[in-house]
Amino acid sequence: MLDLKYIISNKNEVIKKLSTRNFNIAIIEEIFEDAQKRNELIHNLETLQAKRNKLSEQIGINKRNKQDCSELLQQVAEVKEQIEKIDEEADTLVKKVNTLLYQIPNLPYDEVPVGRDEDDNVVLKEHPNLGRGLVKGVLPHYEIATKLDIVDFVRSVKLASTRFVLYKNDGAKLVRSLASFMLDTHIANGYKELMPAHLVNSNMLYGTGQLPKFAEDLFKMQGNDLWLIPTAEVPVTNYYYDEILDLSKPKKFVAYTKCFRSEAGSSGKDTKGLIRQHEFHKVELVKITSEKDAMKEWELMVNDAKSILELLEIPYREMMLSTGDIGFSSAKTIDLELWIPSEQRYRETSSISICRDFQGRRAKIRYRDENGHTKYAYTMNGSGLAIDRVVAAILENYQNPDGSITIPKVLVPYMGKEVIK
């Protein structure tokens, strides 16, 4: 959430930056007008409170002098009624402004490229020579997985619906191995492991920015204030919800969870295979830091996510997302996209975002700076990595002419074999 005082004091800058995010800036004008109305109400309230105090003082004098107070008491009652009315109006305005504030996305950093959508994202660097390079001429991952009997796409539809998948045999072991490998690697880099529940309440989703805007992308439990998590970012970032922390050192967490998304509005896109599922596996990185440590820690997080692809020796590229493509809570995002040979294109497997104090303010996560002042924490998150897309990339990039799959060297100790066949 943006700071209301900042919006009021920097209205033109806020409008300029939000206009690059395809955001309806009329909301800012509305907030500005409502804030001015509230200021007028507060001024009127203070005037009435001063009048009430004066009347009360006079009543005290009259009582001591045994003079009639009936008229003064009537005036006090009228002033009290006016104060209550103004209090109610001000409270209504505050609630309205807060509702509007929850709808406003984060402000992008100045260096984020201005653009309308993903077509305006900027390639920062490509790493095409890892492993076997930019492989061509292989079976799509969903075909080879079916031949090897390691993923059952047909029965998963029977068990649930489309866009669910059932891993089996070495497919299930590959998912488990990837999760363990990623967790072990990130823990060795100083992250602390959490294993959160897959359900959270609404406050947590407001805290990280999924609610209220993206309710249709979520799965909600019927009859309960509980939602399936779209990413471990939600429970892990909110681990310190409404707390004041010691952030002399950054808090660094890694978590492996299932993630659940309704994928509303994506009908017809990527319906084959493992690319876009309603339920998927992901290792998530989250950091909570002071303002001064934030950018350095975000750059380290980008490197930590990249290291997984380099260790797996899968070609990838780094993309800086444009203002029209960054996520709602993000101020700056780098995507890591891995090579999918059957499509002859790169596919996103990690978005590493820095959110400034946007989530810290929403989730009331605070810290005291070196001067003892209470400030909102800076947060950042990124996939480290999205496992299902890595499985797809391994099945294609490491596919052999005889239909077997060579297991990446770093996964051999976890799989206990060198080839899936």
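Before we start, a word on the UniProt labels I'll use: their positions follow the numbering used here, and an annotation may be inferred rather than shown by experiment. With that in mind, hello everyone! What we have on the screen is a predicted model, and I'd like to walk you through it from the whole chain down to single residues.

Let's begin with the overall picture. The protein contains 13 helices and 17 strands. Its C-alpha trace spans about 105 × 45 × 40 Å along the principal axes. How does the radius of gyration compare with that of a compact globule of 421 residues? The globule would come out near 22 Å, while this protein has 27 Å.

Now for the inside and the outside. Of the 421 residues, 51% are buried. The accessible surface adds up to about 20,500 Å², and carbon and sulfur atoms account for 48% of that. Here is one more number for the whole chain: if you take contacts between residues at least 6 apart in sequence, 73% of them join residues at least 24 apart.

Let's go to the beginning of the chain. Helix 2 covers residues 11-19, and its buried residues are Lys11, Val14, Ile15, Lys17 and Leu18. What covers them? The cover includes helix 1 (4-9) and helix 3 (26-64). Look at Lys11 in particular, which sits in helix 2. Setting aside neighbours within four places in sequence, Lys11 touches Ile28, Glu29 and Phe32. Take the first name in that list: Lys11 and Ile28 are 17 residues apart in sequence, yet their C-alpha atoms are 7.8 Å apart in space.

Moving along, an unreviewed UniProt entry lists residues 38-96 as a "coiled-coil region". In the model, that stretch is 92% helix and 0% strand, and its end C-alpha atoms are 11 Å apart.

Next, a spot on the surface. Leu199, Met221 and Leu226 make a nonpolar patch of about 200 Å². Leu226 lies in the loop between helix 8 (202-208) and strand 6 (227-228). Why does Leu226 count as partly exposed? Because its relative accessibility is 31%, and partly exposed runs between 20% and 50%.

For contrast, find Thr257 in strand 8, residues 251-260. Thr257 counts as buried because its relative accessibility is 1%. Beyond residues up to four places away in sequence, Thr257 touches Pro196, His198, Ile229, Ala232, Phe280, His281 and Lys282.

Finally, the annotated "binding site". The unreviewed UniProt entry gives this label to Arg261, Ser262, Glu263, Glu348, Thr349, Ser350 and Ser351. Let's visit two of them.

Glu263 is in the loop between strand 8 and strand 9 (279-289). Is Glu263 buried or exposed? With 18% relative accessibility, Glu263 counts as buried, because the cut-off for buried is under 20%. Apart from neighbours within four places in sequence, its contacts are Arg163, Asp217, Arg276, Gln277 and His278.

Ser350 belongs to strand 12, residues 345-354. Its relative accessible area is 0%, so Ser350 is buried. Which residues does Ser350 contact, leaving aside neighbours within four places in sequence? They are Ala305, Ile334, Asp335, Leu336, Gly382, Ser383 and Leu385.

That's the tour. Thanks for listening, and do turn the model around yourselves!

How values were computed:
Residues are numbered from 1 along each chain as its sequence is written. This is a predicted model: local features need pLDDT of at least 70, side-chain atom pairs count only at pLDDT 80 or more; totals for chains, interfaces and linings use all residues. Side-chain values use heavy atoms; hydrogens and water are left out. Helices (H or I, at least four residues) and strands (E, at least two) are DSSP runs, numbered from the N terminus. Buried means under 20% relative accessible area, exposed over 50%, partly exposed in between (1.4 Å probe, protein chains only). Contact means heavy atoms within 4.5 Å. Patches are made of residues with over 30% relative accessible area and no salt bridge: like charges are joined within 9 Å, nonpolar side chains (Val, Leu, Ile, Met, Phe, Trp, Tyr) within 5 Å. Accessible areas come from the Shrake-Rupley method with a 1.4 Å probe; for residues, only the protein chains shown count as cover. A salt bridge is a side-chain nitrogen of Lys or Arg within 4 Å of a carboxyl oxygen of Asp or Glu. The radius of gyration is taken over C-alpha atoms; the globule rule is 2.2 Å times the number of residues to the power 0.38.
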